[in-house]
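Thanks for coming. I will walk through one structure today, starting with a single strand and working outwards.

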Amino acid sequence: MCSSDLGSGDLAVTDGTFTDNSAVTGGAIDVDSGALITVDGGTFSGNTASGDDGDGSLPNGGALHSWAGDITVANAILEGNSSAASGGAISTEDGSVTVTGSAFSGNSASEDGGAIAVVNAVFNNGSVHVTDTDFTANTAGSEGGAIWSYDQVISDPSTYIDNTA
């Protein structure tokens, strides 16, 4: 499967595999204008957000990125994804991220949020809520080896091992 900018439509992925894709934002999946991303199962591995298309977009979200939309992930593996800015695996700007029963390992961000970043660019809202999720060896160049958010982070029983910033 290839990387795609889906515009303003919502997206649901079930048991998909996204490997070695790259884009300016959202190495595997990028949606805009308040669209929602829902992932149930599957693997995101080796995806990269690394470019600059000249419109001021930062390379956020190595695997998944949404602008002003929420991202929900359940029972997925996100490993070895990277961002030249924030959110090695997942990033949303002015949205929230909810993760359940998933594993993040070896993801990296040059700036903030080795695994997950919520960047409140305009509306200053958004949060992160994780439950029964493992974060292992994720790295960030600045803050939040595993998770970074301008707003609330709720972590119900989850495991954090060797994440660094």
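Along strand E16 (residues 128-131), which side chains point to one face and are buried, and which point to the other and are not? Val128 and Val130 are on the buried face, while His129 and Thr131 point the other way and are not buried. Before I go on, please keep in mind that this is a predicted model.

Now the neighbours of E16. Strand E12 (residues 97-100) runs parallel to E16, and four bridges join the two. Within that pairing, Thr98 has His129 as its bridge partner. E16 also pairs with strand E20 (residues 153-155), again in the parallel sense, over three bridges. There, Val128 is matched with Val153. As general background, strands of a sheet pair through backbone hydrogen bonds, either parallel or antiparallel.

Let me step back to the overall picture. The protein has zero helices and 21 strands. Its C-alpha trace spans about 35 × 30 × 25 Å along the principal axes. There are 165 residues, and 46% of them count as buried. The exposed surface is about 6,600 Å², with carbon and sulfur atoms supplying 47% of it. If we take the contacts with a separation of 6 or more, 78% of them are between residues 24 or more positions apart.

More parallel pairing appears elsewhere. Strand E4 (residues 29-31) is joined to strand E7 (residues 64-67) by three bridges, and the two run parallel. Ile29 has Leu64 in E7 as its bridge partner. E7 in turn pairs with strand E11 (residues 90-93) over four bridges, also in the parallel sense. In that pair, His65 stands opposite Ser91.

What is the strand order in the open sheet of five strands? The order is E3-E6-E10-E14-E18, with parallel pairing. Strands E3 (22-23) and E18 (139-140) stand at the edges with a single partner strand each, so one side of each has no neighbour in the sheet. At the E3 edge, two bridges join E3 to strand E6 (residues 48-49), and this pair runs parallel. Ala23 is the residue standing opposite Ala49 in E6.

Next, the interior. In soluble globular proteins, nonpolar side chains tend to be buried together. Here the largest nonpolar core has 28 residues, and Leu64, Ile90 and Ile116 are those with the most contacts inside it. Several elements give two or more residues to this core: E2, E4, E5, strand E8 (71-74), E12, strand E15 (116-119) and E16. E5 gives the most, with three residues.

Ile90 is worth a separate slide. Leaving aside residues up to four places away in sequence, Ile90 touches Gly61, Leu64, Ile71, Val73, Leu78, Val97, Phe104, Ala115, Ile116 and Ala117.

One name on that list, Phe104, leads to the aromatic rings. How many aromatic pairs are there? The count comes to four. One of them is Phe18 with Phe44, a stacked pair at 4.7 Å centre to centre with 0° between the planes. Phe18 lies in strand E2 (residues 11-19) and Phe44 in strand E5 (residues 37-45), so this pair ties together parts that are 26 residues apart in sequence. Both Phe18 and Phe44 are buried.

Phe104 and Phe135 form another stacked pair, at 4.9 Å centre to centre and 10° between the planes. Because Phe104 is in strand E13 (residues 103-105) and Phe135 in strand E17 (residues 134-136), the pair links parts that are 31 residues apart in sequence. Phe104 is buried, with a relative accessible area of 1%, and Phe135 is buried at 0%. Ring pairs also bring in Tyr160, giving a cluster of Phe104, Phe135 and Tyr160.

My last stop is a polar residue in a loop. Where is Ser102? Ser102 lies in the loop between E12 and E13. Is Ser102 buried or exposed? Its relative accessible area is 5%, so Ser102 counts as buried. The side chain of Ser102 reaches the backbone nitrogen of Ala76 at 3.0 Å. Not counting residues up to four places away in sequence, Ser102 touches Val73, Ala74, Asn75, Ala76, Asp132, Thr133 and Asp134.

That is the end of the tour. I can go back to any slide.

Conventions: Residues are numbered from 1 along each chain as its sequence is written. This is a predicted model: local features need pLDDT of at least 70, side-chain atom pairs count only at pLDDT 80 or more; totals for chains, interfaces and linings use all residues. Side-chain values use heavy atoms; hydrogens and water are left out. Rings of Phe, Tyr and Trp (its six-membered ring) pair if their centres lie within 6.5 Å; planes under 30 degrees apart count as stacked, over 60 as edge-to-face and the rest as tilted. Buried means under 20% relative accessible area, exposed over 50%, partly exposed in between (1.4 Å probe, protein chains only). Contact means heavy atoms within 4.5 Å. Accessible areas come from the Shrake-Rupley method with a 1.4 Å probe; for residues, only the protein chains shown count as cover. Two strands pair if DSSP finds at least two bridges between them. A nonpolar core is a set of buried Ala, Val, Leu, Ile, Met, Phe, Trp, Tyr and Cys residues joined through side-chain atoms within 4.5 Å. A polar contact is a pair of N or O atoms within 3.5 Å; within protein, one must be able to donate a hydrogen and the other to accept it, and residues adjacent in sequence count only if both atoms are side-chain atoms.
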